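Trainee: I am new to this structure, and I would like a close look at one part of it. Please pick a single spot and show me how its surroundings fit together.

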Amino acid sequence: MKVLTANRLSDGRVLYWGAQGLATEALADALWLDDAEADSALAAAAARPDLFVNPYLVEVNDGAPSGRDRFKEFIRSTGPTVGHSRPDIEGAA
């Protein structure tokens, strides 16, 4: 199975293809798509560049990204990796 992911044009946040072709920010709310559905969703998302930037498909298994890009997709699905420095730690900016 696959999910469709992209970035939102307005703010760069990660989006997923959800029910009725609506965008969702939560991987848990993304539709799991078979090959035919995935190709159709990819074409539909690509036709909406005002919302979906660089849409692509990701393999999923047991509710999580799988395959060779699983680590990258795990990071994308959990949010930004910058801006979480703790200023109370010695040497932190």
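Mentor: To place our spot, we need one convention: helices (H or I, at least four residues) and strands (E, at least two) are DSSP runs, numbered from the N terminus. The model is predicted, so local features need pLDDT of at least 70 and side-chain atom pairs pLDDT 80 or more, while totals for chains, interfaces and linings use all residues. Residues are numbered from 1 along each chain as its sequence is written, and side-chain values use heavy atoms, with hydrogens and water left out.

Our spot is threonine 5, which sits in strand 1. Threonine 5 counts as buried because its relative accessibility is 0%; buried means under 20% relative accessible area, exposed over 50%, and partly exposed in between (1.4 Å probe, protein chains only). Across the protein, 29% of the 93 residues are buried.

What surrounds threonine 5? Beyond its neighbours within four places in sequence, threonine 5 is in contact (heavy atoms within 4.5 Å) with Val14, Leu15, Tyr16, Asn54, Pro55, Tyr56, Val58, Glu73 and Arg76. A polar atom of the threonine 5 side chain lies 3.0 Å from the backbone oxygen of leucine 15.

Now step back to the whole fold. The protein has two helices and five strands, arranged along the sequence as β-β-β-α-β-β-α. The five strands form an open sheet in the order 3-2-1-4-5, paired antiparallel; strands pair if DSSP finds at least two bridges between them. Strand 3 and strand 5 (64-65) are the edges, each pairing on one side only. Strand 2 (residues 14-17) is joined to strand 3 by two bridges, and in this part of the sheet tyrosine 16 stands opposite threonine 24 of strand 3.

Helix 1 lies across strand 1 (2-8), strand 2 and strand 4 (52-61), at about 165 degrees to strand 4. Such angles run from 0 to 180 degrees between N-to-C directions, with axes fitted to C-alpha atoms, for helices over the stretch in contact.

Next come the cores, where a nonpolar core is a set of buried Ala, Val, Leu, Ile, Met, Phe, Trp, Tyr and Cys residues joined through side-chain atoms within 4.5 Å. The largest has 10 residues, including Leu4, Ala6, Leu15 and Trp17. Strand 1, strand 2 and helix 1 each supply at least two of its residues, and helix 1 gives the most, three. Another core lies apart from it, with seven residues, among them Val3, Val14, Val58 and Val60. In the larger core, alanine 45 touches Leu4, Trp17 and Phe52, as well as Pro55.

Finally, follow the chain on from strand 3 to glutamate 25, in the loop between strand 3 (23-24) and helix 1 (35-46). With 44% relative accessibility, glutamate 25 counts as partly exposed. Its contacts beyond four places in sequence are Arg8, Arg13, Val14, Leu15 and Tyr16. The side chains of glutamate 25 and arginine 8 share a polar contact of 2.4 Å; that term covers N or O atoms within 3.5 Å, where within protein one must be able to donate a hydrogen and the other to accept it, and residues adjacent in sequence count only if both atoms are side-chain atoms. Returning to threonine 5, Val14, Leu15 and Tyr16 are among its contacts as well.
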